[in-house]
Amino acid sequence: MKKIMISLLMVAATMSAMAVTYTGKAKLTLTSSDSKSCTLTIGESGDLGAGLNPGYYAELNTEGKEVWFFVEYGGVKYQQFASNAATMEDLQLGIKTNASTSYTLTAASVVGTLKIRINGVEYNITEGMSEVITLPASSTLPAVGDEANYKVQPTAPADFEICFRDNELQITANPYAENVVVKDENGTKVVDVAPVTPYQAIDLSALAAGRYTVELADGERKFIIVKQ
């Protein structure tokens, strides 16, 4: 434990030093309503190379932590991470919650411009910010298929698109929270599934040939597909 703490302090000191010029840097803390917290320090600099830069990262230390707040790179979780713009763009953000559902995101030591996306909502990181965020209890986030909703320096989402190809109903960037429903010509539901973003492929190969209606947003948007 002592060695881990010394290592983290050394990395923190290195990231705070003026060895590089940061275009964005911040110390972010996520705190649960029962006062359990975890701090994540991220930075972006044109003086750093792609990927890992020695002295500018530290793996997540989960000892004694009920709440985790981290970025993931190369399959490894980090609680301190700085790299160049290409690496930081759409870097995977991760959270582990405890029994609480209400969390507060705060920021300190902010330099330049940074954004993060949590649960599909984008936040511009500013000094002294305090944002209340609702998250599912006792969960490791993002869930499978929800990765695009948890990002550092997120890029603009893809345009909404729906198509029927190779017996699959393929939906990109679905903006609607309601279930995806497919009905046959008699108005009978043959598919009723939760949406998945940023991309969802629904296998319709078992359906008979015919004309089907795809409904999104509780039927507010409808699309016709024809299965041969």
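Here are a few questions and answers on serine 83 and on one open sheet of this predicted model.

In this predicted model, local features need pLDDT of at least 70 and side-chain atom pairs count only at pLDDT 80 or more, while totals for chains, interfaces and linings use all residues. Residues are numbered from 1 along each chain as its sequence is written, and side-chain values use heavy atoms, with hydrogens and water left out.

User: Is serine 83 buried or exposed?
Analyst: Happy to look. Serine 83 is found in strand β5 (residues 76–83); strands are DSSP runs of E, at least two residues, numbered from the N terminus. Buried means under 20% relative accessible area, exposed over 50%, and partly exposed in between (1.4 Å probe, protein chains only). Because its relative accessibility is 0%, serine 83 counts as buried.

User: Which residue offers its backbone oxygen to lie 2.7 Å from a polar atom of the side chain of serine 83?
Analyst: Let's start with contacts, meaning heavy atoms within 4.5 Å. Leaving aside neighbours within four places in sequence, serine 83 is in contact with residues including Asn53, Met88 and Gly51. The backbone oxygen at 2.7 Å from the serine side chain belongs to glycine 51.

User: Which strands are the edge strands of the open sheet of four strands?
Analyst: Good one! The order is β16-β15-β18-β19, with antiparallel pairing; two strands pair if DSSP finds at least two bridges between them. Each edge strand pairs on one side only, and these are β16 (189–193) and β19 (221–227).

User: In β18, what is the bridge partner of lysine 183?
Analyst: Strand β15 (residues 180–183) and strand β18 (residues 210–216) pair in the antiparallel sense over three bridges. In β18, lysine 183 has as its bridge partner threonine 213.

Technical notes. A polar contact is a pair of N or O atoms within 3.5 Å; within protein, one must be able to donate a hydrogen and the other to accept it, and residues adjacent in sequence count only if both atoms are side-chain atoms.
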